[in-house]
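Work through the exercises below with the coordinates loaded. Each task is followed by a solution in steps.

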Amino acid sequence: MSKYLVNKFLYTVDRDHELTERYREDPAGTVAWWEEEMAGRILNCIASETTTWLSFTDAERTALATHDHVALFELGAHPFLTLTLWIAMFERDFTEPLGMQLDYAEKLAHVRMPYPDITT
Amino acid sequence: MADLVAVLATTHHPFYYRTSQLPPDQAPPFAAEWISKIATYRETLTRARPDVLVMVGSDHFHQLWLDNMPQFLVGKAPMYDANWENEIREFGMPKLLLRGDEELSAYMLREGLDKGFDLAFSNELRIDHSITCPILTVRPDADLPIVPIYTNIFAPPLPRPERFVQLGRTIREIIESWPSHLRVAVIGSGHLSLELGGPRQFGPTGPDPEFDARAVEWISNGDIDGVLEHVTLDSLHGPGNATHGFMDFMLMMGVAGYQKADHADSLSLFHTMEAYFTWYPNPHLIDAPSTPGGRA
């Protein structure tokens, strides 16, 4: 049920340069702050209209807090969101063109179809 | 009535713009062929001398989101800002400002609703690379007004492929009944086989070259029945986890109808098959004198 919230985290962090860098440098702290302060914000609504019932599962929180894209894939996070955020955070760490993307794929090489359902 | 002068169906590779800007000594080995194919493809639109462009694409979770996801949406604004910060960051794309055609947008919405499509609309749509890539390749001056149409190929549950074909047919009917003297081109972009964020991404070819070859045949031949026989919502997971973008090609086949493409081309790149198709529904209008009073 909380795949929606995982995707909401990836979506909001990917779109905001400052948040992207914060998540790169301090994943656990950023996830804890985001869940406390941001998870309830309904996009396009003012802050006083926050939702009240959303939270991560322990597995989701751990996967996000450890930058574990394999676990996120297996949990059914939307792969496009995860990939684009990972490109923003980690492509700079690889010298070869597409090195990050190929490393990303290699770490998922054990996955067979059908892939996890990404429906939220 | 308006004239439907061209139908273009294309992939939208976000790396093309940056690749085409590189000096020859820094460009990858495939760049020259890619640029040459794009130049030829651009001419297929130029020849049709359109006044307005209906642009079919899909938001990549830039503006449309899981809190309120439309399946089909028509932009209805006088202007459209385009390209997002994270696209500029990852693809080096330029920001753009595109003019809208509110009259055709309003007509598309009214007629679409009456023809059985509960279309969403937006008065403040910011366009992403699914539409700006075709602009940058086939109309780089970005000088024509547009009507953007977004489809959901991204966030399950998705409409089935048949629905995309039906929408394409309906878009054509609407354009051909639009009480206007303008020349309209429809340009839609999608994918062939594609994997993003999964184990098969960024391989030496697209994840399923066999699917790509069949897809090019289906589209080139206007084989709507063949594609509907072989492609389902479930089957599209097979060629790659982002291959549902192929349904935008199926929508464009609906616009073009049972007609062989007048131009069909493709290019295998390191992780995807690029593909470009053009139909001229009314060949007698191509290379004819300009529309009197046209706005181009």
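## Exercises on chain A and one residue of chain B

In chain A, 63% of the contacts between residues at least 6 apart in sequence join residues at least 24 apart. The model is predicted.

**Exercise 1.** Determine the secondary structure of chain A.

Step 1. Count the elements: chain A has seven helices and zero strands.
Step 2. Write them in sequence order, which gives α-α-α-α-α-α-α.

**Exercise 2.** Test whether the radius of gyration of chain A agrees with that of a compact globule.

Step 1. For 120 residues, the globule rule of 2.2 Å times the number of residues to the power 0.38 gives a value near 14 Å.
Step 2. Chain A has 15 Å, so the two agree.
Step 3. For the extents, take the principal axes: the C-alpha atoms of chain A fill a box of roughly 45 × 30 × 25 Å.

**Exercise 3.** Describe the burial, surface and charges of chain A.

Step 1. Of its 120 residues, 49% count as buried.
Step 2. The exposed area of chain A is about 6,200 Å², with 54% of it supplied by carbon and sulfur atoms.
Step 3. Chain A carries 10 positive and 20 negative side chains; the centres of these two sets are 3 Å apart.

**Exercise 4.** Decide whether B:Thr44 is buried or exposed, and list its contacts.

Step 1. Locate B:Thr44: the residue sits in helix H2 of chain B, residues 31-46.
Step 2. Buried means under 20% relative accessible area. B:Thr44 has 8% relative accessibility and therefore counts as buried.
Step 3. Set aside neighbours within four places in sequence; B:Thr44 then contacts B:Leu8, B:His263, B:Thr278 and B:Tyr280.

Key
Residues numbered from 1 in each chain as written. Chains lettered and ligands numbered in written order. Predicted model: local features only at pLDDT ≥ 70, side-chain atom pairs only at ≥ 80, totals over all residues. Heavy atoms only, no water. Helix = DSSP H or I, 4+ residues; strand = E, 2+ residues; numbered from the N terminus. Buried < 20%, exposed > 50% of the residue type's maximum accessible area, 1.4 Å probe, protein only. Contact = heavy atoms within 4.5 Å. Areas by Shrake-Rupley, 256 points an atom, 1.4 Å probe, with all protein chains shown as cover. Lys, Arg positive; Asp, Glu negative; His and termini not counted. Charge placed at Lys NZ, Arg CZ, Asp CG, Glu CD.
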